[in-house]
Amino acid sequence: MNPSSTSLFDPWRIGPHALSHRVVMPPLTRMRAGLADGVPSPFAPTYYAQRASEGGFLIGEATQISKQGQGYPGTPGIYSSAQVDAWRKVTRAAKAKGAVIFLQLWHVGRISHSSHQPDGKPPVAPSAMRPQGKAFDAAWNRVPYETPRALAIKEIAAIVADYRSAAANAHDAGFDGVELHGANGYLLDQFLEDSTNLRQDRYGGAIENRTRLLLEAIDAVSEVWGADRVGVRLSPFGTVGDIADSDPQRLFEQVIKALAQRGIAYLHLIEPRANAGIRDDLNLAAPPSVAALFRHAFNGPLIASGGFDRISALAAVESGIADAVAFGRAFIANPDLPQRLAMNAPLNTYDQRTVYGGAARGYTDYSAWKQNAA
């Protein structure tokens with residue numbers, strides 16, 4: 001990359017996909033899927049189509065690979081035929097607008113509650129360590145997290161198979177690729193970080209062992225897609241999900257170098273001082289930018305996410321710290337965000353009250369800039 005000639009609004013590529021600008025819609029949990037079946041909302045095709053643009057890059061919301069992978073009410077799945085059929089309507093709508101759309105594959109691990117789990121069993125994790133804080137149960141109540149059950153080796157193999165099956169279902173649903181959710185204290189992150197992984201077998205201890213599940217999952221979905229259509233999202237130094245590691249810089253340096261060796265489509269890093277947009281307080285103990293810290297370790301496209309505005313996003317791309325920038329809250333409130341940023345137009349105000357759950361209000365009723373200007 002030549003930093004002096006690269007702009008947030010210049011073309012770039014994700015694997016085989018040509019993109020016309022570098023304003024990315026990240027995976028945004030909205031909790032509007034069917035509570036009983038995990039089928040995406042009937043409003044979802046409109047929601048994604050509104051945010052699609054010619055040559056734009058959208059990443060579909062975190063989507064559980066199995067019932068066991070669910071941790072919140074109203075989140076969608078990609079493990080049943082009804083879910084696949086509903087997602088196919090979403091991909092058709094987004095592609096009709098000229099967008100490229102990936103799906104984020106998700107297993108929450110211990111960040112769940114038995115009310116979401118098959119037969120009411122405890123959530124699973126690398127080790128039987130209860131998270132601090134409160135979960136959402138299936139009835140939307142906030143309740144204390146439960147102590148998870150440590151996965152047996154043979155169960156880990158079954159989860160890898162679930163990732164492969166979910167990737168195949170995403171392919172059938174018409175997505176252009178997939179992203180693995182390895183961030184925010186969910187299952188893959190729980191295996192990576194030593195505060196949640198106390199295992200003494202081939203999946204615990206040394207960094208290469210703690211990285212094993214993530215790499216096995218990448219290899220499994222790459223059998224479906226090819227590595228150049230598989231992205232990975234990480235949150236180095238993040239604290240969301242009651243997660244921590246004793247040496248995060250060493251851990252994630254090794255993880256990211258392993259991802260680079262596999263030739264994945266892109267690396268998606270959440271800036272820790274933004275706390276993934278989940279909490280408003282800043283993590284001031286973290287480095288100012290993990291994109292800057294780990295840029296040298298990854299030679300493919302790098303997407304930075306978390307706390308960016310127009311000015312900081314322009315600077316990140318122009319400096320070469322990131323190849324593209326993902327905007328969460330701004331994309332929720334501004335369906336035409338790439339156009340607004342390009343024109344330096346004013347942005348709609350984000351309404352926290354309508355982010356999770358509900359129907360069209362706060363989902364498909366944010367107006368476009370041309371409508372506001374008319």
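**Close-up views of a predicted model**

**Figure 1. Helix α3 and the second largest pocket.** Helix α3 (residues 153-172) contributes 4 residues to the lining of the second largest pocket, the most that any element gives. The model shown here and in the other views is predicted. The space in the second largest pocket amounts to about 190 Å³. Its lining is made up of 14 residues, and those nearest the centre of the pocket are Gln68, Pro118, Val124, Arg149 and Glu155.

**Figure 2. The largest cavity and its lining.** The structure contains 2 cavities of 30 Å³ or more. The largest cavity encloses about 60 Å³ of space. Its lining consists of Arg30, Arg32, Ala33, Pro40, Ser41, Ala44, Glu61, Gly74, Pro76, Trp87 and Tyr363. Among these lining residues, Trp87 and Tyr363 also belong to a cluster of aromatic rings, in which ring pairs join them to Tyr47, Tyr48 and Phe175. Ala44, another lining residue, is one of the buried residues of α1.

**Figure 3. Helix α1 and its packing partners.** Helix α1 spans residues 44-51, and 6 of its 8 residues are buried, so that the helix is mostly covered. The buried positions are Ala44, Pro45, Tyr47, Tyr48, Ala49 and Arg51. These residues pack against strand β3 (23-25), strand β4, helix α2 (81-96), strand β5 and helix α10. Two of the buried residues, Tyr47 and Tyr48, take part in the ring cluster with Trp87, Phe175 and Tyr363.

**Figure 4. Aromatic pairing of Trp106 with Tyr186.** The model holds 14 aromatic pairs. In one of them, Trp106 and Tyr186 meet edge-to-face, with 5.4 Å between the ring centres and 85° between the planes. The two partners come from distant parts of the chain, 80 residues apart: Trp106 belongs to strand β5 (residues 100-106), whereas Tyr186 is in the loop between β10 (177-182) and α4 (187-192). Trp106 counts as buried because its relative accessibility is 1%, under the 20% limit. Tyr186 is buried as well, because its relative accessible area is 7%.

**Figure 5. A charged side chain over an aromatic ring.** Arg142 is placed over the face of Phe136. The distance from Arg142 to the ring centre of Phe136 is 4.3 Å.

**Figure 6. Surroundings of Ser53.** Ser53 is located in the loop that joins α1 (44-51) to β4 (57-64). Setting aside residues up to four places away in sequence, Ser53 touches His21, Lys97, Gly98, Ala99 and Pro338. With one of these residues, His21, the contact is polar: the two side chains approach to 2.9 Å. For Ser53 and Ala99, which are 46 residues apart along the chain, the C-alpha separation is 5.4 Å.

**Figure 7. Asp336 and the backbone of Trp369.** Asp336 occupies the loop between α10 (329-333) and α11 (337-343). Asp336 counts as buried because its relative accessibility is 10%. Its contacts, without residues up to four places away in sequence, are Gln50, Ser367, Ala368, Trp369 and Lys370. The side chain of Asp336 comes to 2.5 Å from the backbone nitrogen of Trp369. The C-alpha atoms of Asp336 and Ser53 are separated by 7.9 Å, with these positions 283 residues apart along the chain.

**Figure 8. Ser66 in the loop between β4 and α2.** The loop that holds Ser66 runs between β4 and α2. Ser66 is buried because its relative accessible area is 10%. Beyond its neighbours within four places in sequence, Ser66 is in contact with Tyr79, His107 and Asp162.

**Figure 9. Positive phi at Asn184 and Phe237.** Most residues other than glycine have a negative phi. Asn184 has a positive phi of about 60°, although it is not a glycine. This residue lies in the loop between β10 and α4, and Asn184 is buried because its relative accessible area is 8%. Phe237, likewise not a glycine, has a positive phi of about 70°. Phe237 is part of the loop between β11 (230-234) and α7 (248-262). With a relative accessible area of 19%, Phe237 counts as buried because the limit is set at under 20%.

Key. Residues are numbered from 1 along each chain as its sequence is written. Side-chain values use heavy atoms; hydrogens and water are left out. Rings of Phe, Tyr and Trp (its six-membered ring) pair if their centres lie within 6.5 Å; planes under 30 degrees apart count as stacked, over 60 as edge-to-face and the rest as tilted. Buried means under 20% relative accessible area, exposed over 50%, partly exposed in between (1.4 Å probe, protein chains only). A charge sits over a ring if NZ of Lys or CZ of Arg is within 6 Å of the ring centre and within 35 degrees of the ring normal. Contact means heavy atoms within 4.5 Å. A polar contact is a pair of N or O atoms within 3.5 Å; within protein, one must be able to donate a hydrogen and the other to accept it, and residues adjacent in sequence count only if both atoms are side-chain atoms. On a 1 Å grid over the protein atoms alone, a cavity is a set of points where a 1.4 Å probe fits but cannot get out, and a pocket is an open set with protein on both sides within 12 Å along at least five of seven lines; lining residues have an atom within 4 Å of a point. Grid points are joined across faces, edges and corners, and a volume is the space filled by probe spheres set on the points.
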